[in-house]
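Thanks, everyone. I have one model to walk through, and I'll keep it brief.

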Amino acid sequence: MTTPPRPRQLDHPVLPKIFRIVGRAQVAIYRRTGGRIGGTWRIGAGFRKPVPTLLLEHRGRKSGKQFTVPLLYLVDGADIVVVASQGGLANHPQWYRNLCVHPDTHVQIGRERRAVRAVVADDEQRTRLWPALVDLYADFDTYQAWTERRIPVVILTPRPA
């Protein structure tokens, strides 16, 4: 399979604003419906193979303000795994940089809110998890091909509430 060319629009300065607006709308709908609407990603590779979506809370590393973003996720035993792909953009997403400073947080899956600790996967963990993540959502491989940064894989480990 060949990687599609990187869209020129990916670098347009309005794109992050659109991601933010769409993300906020998805969070509001997800919360209101307990994930019944917004709990499955059906865009890109998710059109043919829908992908489960969670809500990740994160505290701003500078502002201290609380934010929530929808993310695709993989269950790996007791852990939940997310990918800081940001659609193949050149920079890491804000939520990832915030978790590096404030790793203790919460996720919501459906109506259930869970306390978790975020840990960036080391090389061995990432190597083990990446094929399962690509099986979950094939576009992750495309996003990695579109960017020079190594896309981080984040493991969310359960912690006491």
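Start with Asp79. This is a predicted model, and in it Asp79 is buried yet makes no salt bridge. The nearest side chain of opposite charge belongs to Arg128, and it sits 6.1 Å away. The cut-off for a salt bridge is 4 Å, so the pair does not qualify.

Where is Asp79? In strand β5. What does Asp79 touch, once residues up to four places away in sequence are set aside? Leu74, Ile155, Leu156, Thr157 and Pro158.

Now the cores. The largest nonpolar core has 21 residues. Which of them touch the most other members? Leu129, Trp130, Leu133, Phe140 and Val153. Four elements each supply at least two residues of this core: β5, α3 (123-136), α4 (139-146) and β8 (153-158). The biggest contribution is from α3, with 5 residues.

Take Leu129 from that list. Beyond four places in sequence, Leu129 is in contact with Leu74, Asp76, Val81, Val153 and Ile155. Look back at Asp79 for a moment: Leu74 and Ile155 are among the contacts of Asp79 too.

There is another core, apart from the largest one. It holds 16 residues, including Leu71, Ile80, Trp95 and Leu156. Keep Leu71 in mind.

Next, Thr53. Thr53 belongs to strand β2, residues 51-59. Is Thr53 buried or exposed? Buried, at 2% relative accessibility. The cut-off is under 20%, so Thr53 counts as buried.

The contacts of Thr53 come from several stretches of the chain. Leaving out residues up to four places away, Thr53 touches Gln26 and Tyr30, then Gly38, Gly39, Thr40 and Trp41, then Pro70, Leu71, Leu72 and Tyr73. Here is Leu71 again. How far apart are the C-alpha atoms of Thr53 and Leu71? 5.4 Å, with their positions 18 residues apart along the chain.

Thr53 also has a polar side-chain atom, and that atom lies 3.5 Å from the backbone oxygen of Val51.

Last stop, Ser85. Which elements flank the loop that holds Ser85? β5 (79-83) on one side and α2 (94-101) on the other. Ser85 has a relative accessible area of 7%, and with the cut-off at under 20%, that is why it counts as buried.

What surrounds Ser85, beyond four places in sequence? Phe140, Tyr143, Arg149 and Ile151 are in contact with Ser85. Phe140 came up earlier, as one of the residues touching the most other members of the largest core.

That's my tour. Over to you.

Methods
Residues are numbered from 1 along each chain as its sequence is written. This is a predicted model: local features need pLDDT of at least 70, side-chain atom pairs count only at pLDDT 80 or more; totals for chains, interfaces and linings use all residues. Side-chain values use heavy atoms; hydrogens and water are left out. Buried means under 20% relative accessible area, exposed over 50%, partly exposed in between (1.4 Å probe, protein chains only). Contact means heavy atoms within 4.5 Å. A polar contact is a pair of N or O atoms within 3.5 Å; within protein, one must be able to donate a hydrogen and the other to accept it, and residues adjacent in sequence count only if both atoms are side-chain atoms. A nonpolar core is a set of buried Ala, Val, Leu, Ile, Met, Phe, Trp, Tyr and Cys residues joined through side-chain atoms within 4.5 Å. Lys and Arg count as positive and Asp and Glu as negative; His and the chain ends are not counted.
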